[in-house]
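Here are two short exercises to work through with the model open. Try each task before you read its solution.

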Amino acid sequence: MTVIEKLKWRYATKKFDSTKKIPSEILNELLESTELAPSSYGLQPFKILVIEDQAIREKLKSAAYGQTQITDASQLIVFARIKNFGIEQVEEYADNIADTRNIDPKVIEGFVDVMKGTVNSLSEEQLAVWNSKQCYLALGFLLFAAAQQKIDACPMEGFDAAKFDEILDLDAQNLSSVVIATIGYRSEDDDYQNLSKVRKSKEELFITI
Ligand SMILES: Cc1cc2nc3c(=O)[nH]c(=O)nc-3n(C[C@H](O)[C@H](O)[C@H](O)COP(=O)(O)O)c2cc1C
């Protein structure tokens, strides 16, 4: 299958086969795709929770309007932004760059100042939006990688983020849930897999200048 054929194969899965689990090597590859997603300045201002525990997922299902994907998929992935994102996180990132690339931190002082300037210039609300955008991009990478591996997925915003935060004790970890995805294998009787894709026409969608 070509990349496009695989993207046509994928759909937002409504019913998962709860008996099937993603093999660990494929799961690791999918998670690595989120790790490799680009982010603004490379800051990765989020954490990604991989939830397998069935009892926790039952609770989360109630906080997601009873959507069965939460409990029936192989894994539930929660993209959570880091709250109170600031100088400390920028400095941790700067240390990581210097260590990874084995360079003198002085070399990146200018870049680090630019990042600090950006972070300082944003209100708490703006930072929340900025960090959330990075979560969505990582979600996109996960969905794309899943389709390439013929793993089914459903991106989901239909959940109560405050309740998720409470159930997962995210506040104490300086985190807040942004968007989630369920991954696994479609159920044979999920009728959505037979529906034609509805998309804008190319003429309507693209503007070439
Ligand atoms: C950010 C986002 C949130 C979504 N939330 C839900 C959701 O809570 N439940 C659900 O069943 N589908 C959800 N969807 C799936 C969309 O309805 C679906 O992607 C869209 O209708 C296009 O269909 P396709 O993905 O099957 O091509 C969401 C999709 C995105 C991108």
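Before we start: helices and strands here are DSSP runs, numbered from the N terminus, with at least four residues for a helix and at least two for a strand. Keep in mind that this is a predicted model.

**Exercise 1.** Find the largest cavity and work out which helix and strand each supply at least two residues of its lining.

*Solution.* Start with the search of the whole structure, which turns up one cavity of 30 Å³ or more. The largest cavity holds about 30 Å³ of space. Next, list its lining: Arg10, Tyr11, Thr13, Leu143, Ala147, Ile151, Asp152 and Ala153. Now match those numbers to the elements: helix H7 (124–148) and strand S3 (152–156) each give at least two residues to the lining. Finally, sort the lining by class, and you get five nonpolar, two charged and one polar residue.

**Exercise 2.** Take helix H2 (residues 24–35): what should its twelve residues span at 1.5 Å a residue, and which of its residues are buried?

*Solution.* Length comes first. The expected span is 1.5 Å times one less than the number of residues, so H2 should span 16 Å, and its end C-alpha atoms are indeed 16 Å apart. Then check burial, with under 20% relative accessible area as the cut-off: Ile26, Leu27, Leu30, Ser33 and Thr34 of H2 are buried. Look down the axis of H2 and these buried residues fall within an arc of 115°, so they line one face of the helix. Flip to the other side of H2, and Glu25 and Glu35 are exposed. As for what covers the buried residues of H2, the cover includes strands S1 (46–51), S2 (75–82) and S4 (175–184), along with H7.

How values were computed: Residues are numbered from 1 along each chain as its sequence is written. This is a predicted model: local features need pLDDT of at least 70, side-chain atom pairs count only at pLDDT 80 or more; totals for chains, interfaces and linings use all residues. Side-chain values use heavy atoms; hydrogens and water are left out. On a 1 Å grid over the protein atoms alone, a cavity is a set of points where a 1.4 Å probe fits but cannot get out, and a pocket is an open set with protein on both sides within 12 Å along at least five of seven lines; lining residues have an atom within 4 Å of a point. Grid points are joined across faces, edges and corners, and a volume is the space filled by probe spheres set on the points. Ala, Val, Leu, Ile, Met, Phe, Trp, Tyr, Cys and Pro count as nonpolar, Asp, Glu, Lys and Arg as charged, and the others, Gly among them, as polar. Buried means under 20% relative accessible area, exposed over 50%, partly exposed in between (1.4 Å probe, protein chains only). The arc is that of the directions from the helix axis to the C-beta atoms. Contact means heavy atoms within 4.5 Å.
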